[in-house]
Amino acid sequence: MRVTASAPGKLMLMGDHAVVYGYPCLVTAVDLRYQATVEKHLGTQILLETPMMRKNERKFEISKDALLNRSDFPRAAAFVLAAVRSFYQRYPFEGGLKIRTDGPIISYGLGSSSAVTAATVAALTALHHFSVPNQTLFEIAFDAVLEVQGKGSGFDVASAVYGGTLFYEQGGEVIEPIAVGDLPVVIGFSGEKVSTTDLVEQVSQLKSRNPETVDGIFNMIGKLVRKARYSIESQDWQTLGDLLNLNQGMLDALGVSTLQLSKQIIAAREAGAYGAKLSGAGGGDCMFALAEPGIEHGVSEGIENAGGEIVRIRTGVSGVRIEPN
Ligand code: MEV
């Protein structure tokens, strides 16, 4: 028996960084899907093939015992292996596994790791003939992501599991869907790539040098997020645009924007977007603008002229699911 599960990437809408400290955030699942295919095989080996390994004509193989006792895996394999381990610790299974992951080679920093982790956990669950609530899938996958990254709020894992657009808080104690479809956003990729863990560490150091100020900024971001939730629900794009711009100002204050991101954000606003901000840890990756369908083209052009690459994907898509084989 062979089972394939897929999960979406994510676009962080608001609450970046503050969410690591227990404040709320808003996230939407995006149509960049990642798949994990699992099947049993005799013996006790775990055999893994990722798109990057296939490109380099390599495979990864490890015994189940070694998997349980080691954690220094190559980056390409780390999230999948951590997902297997996290699953096995709750639901020990007999025999070995063959695992194959698939998905877009360029992920634009839009949540490929959390998506592949969630897809692996869901595929393993179905392979062993049981189903668990989304909250359990989330917990198993979040443990795996934390094991690899050391730090993280889990909002990306929640987005991969639940899909749609979510209000997320307190390490997953609050995960609430927001009733809205595809959002009118234009996404720009800055072409730069920085480690999320390093950026989270940078903000943590800023916070230890300036505790009251940074706490004040996080508090303000939390307030903006709570207001934005209602603007999304009522599709009040004008207000949401203001809140995005204010949130970007706070991220600038935290020092995580870059020249490239700032240029694209300002270009989008000048082209008539309601608002624009970076998405995620900052230091590179993506920004997005909220733009009415009529002016979307001009906003895209503005972002491109400022050096960005437009990423055309739908938002609010479905979460992890089992695919027909
Ligand atoms: C990274 O995409 C978003 C951060 O808030 C980290 C996290 O929430 O895990 C910077």
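## Exercises on a predicted chain

With 325 residues, a compact globule would have a radius of gyration near 20 Å, and the chain has 20 Å, which agrees. Keep in mind as you work that this is a predicted model.

### Exercise 1: The chain as a whole

Describe the build of the chain: its helices and strands, its box, its buried share and its contacts.

**Solution.** Start with secondary structure: the chain holds 11 helices and 12 strands. Next, take the principal axes; along them the C-alpha atoms fill a box of roughly 60 × 45 × 35 Å. Then turn to burial, where 55% of the 325 residues count as buried. The accessible surface comes to about 13,700 Å², and carbon and sulfur atoms account for 49% of that. Finally, look at contacts between residues at least 6 apart in sequence: 74% of them join residues at least 24 apart.

### Exercise 2: Positive phi without glycine

Find where Tyr108 and Gln235 lie, and decide for each whether it is buried or partly exposed.

**Solution.** Begin with the backbone angles. Tyr108 has a positive phi of about 55° although it is not a glycine, and Gln235, not a glycine either, has a positive phi of about 50°. Now place them. Tyr108 sits in the loop between β5 (96-102) and α4 (112-127), while Gln235 is found in the loop between α8 (211-233) and α9 (237-253). For the last step, recall that buried means under 20% relative accessible area and exposed over 50%. Tyr108, at 15%, is therefore buried. Gln235 has 46%, so it is partly exposed.

### Exercise 3: Charges and a network

Count the charged side chains and the salt bridges, then trace the network that includes Glu49.

**Solution.** Take the charges first: there are 29 positive and 35 negative side chains, and the centres of the two sets lie 5 Å apart. Side chains of opposite charge can pair when their charged atoms come close. Here the count of salt bridges comes to 17.

Now go to Glu49. One salt bridge joins Glu49 to Arg54, with the closest N and O atoms 3.1 Å apart. Another joins Glu49 to Arg100, at 3.9 Å from N to O. Arg100 lies in strand β5 and Glu49 in strand β3 (residues 45-49), so this pair ties together parts that are 51 residues apart in sequence. As for accessibility, Arg54 counts as partly exposed at 25%, and Arg100 counts as partly exposed at 35%. To finish the trace, add Lys59 and Asp102: together with Glu49, Arg54 and Arg100 they are linked in a network of salt bridges.

### Exercise 4: A pair with two settings

Which partner in the salt bridge of Lys207 and Asp215 is buried, and which is partly exposed?

**Solution.** Check the pair itself first: the closest N and O atoms of Lys207 and Asp215 are 3.3 Å apart. Then compare each value with the 20% limit for buried residues. Lys207 has a relative accessible area of 19%, so Lys207 is buried. Asp215 reaches 30% and counts as partly exposed.

### Exercise 5: The surroundings of Ser153

Locate Ser153 and list its contacts beyond its neighbours within four places in sequence.

**Solution.** First, the place: Ser153 lies in the loop between α5 (134-149) and α6 (155-162). Second, its cover: a relative accessible area of 7% makes Ser153 buried. Third, the contacts: leaving aside neighbours within four places in sequence, Ser153 touches Val19, Val20, Phe142, Tyr168 and Gly171. Last, a distance: Glu169 is 16 residues from Ser153 along the chain, and their C-alpha atoms are separated by 8.6 Å.

Methods: Residues numbered from 1 in each chain as written. Predicted model: local features only at pLDDT ≥ 70, side-chain atom pairs only at ≥ 80, totals over all residues. Heavy atoms only, no water. Helix = DSSP H or I, 4+ residues; strand = E, 2+ residues; numbered from the N terminus. Rg over C-alpha atoms; globule rule 2.2 N^0.38 Å. Buried < 20%, exposed > 50% of the residue type's maximum accessible area, 1.4 Å probe, protein only. Contact = heavy atoms within 4.5 Å. Areas by Shrake-Rupley, 256 points an atom, 1.4 Å probe, with all protein chains shown as cover. Lys, Arg positive; Asp, Glu negative; His and termini not counted. Charge placed at Lys NZ, Arg CZ, Asp CG, Glu CD. Salt bridge = Lys/Arg side-chain N within 4 Å of Asp/Glu carboxyl O.
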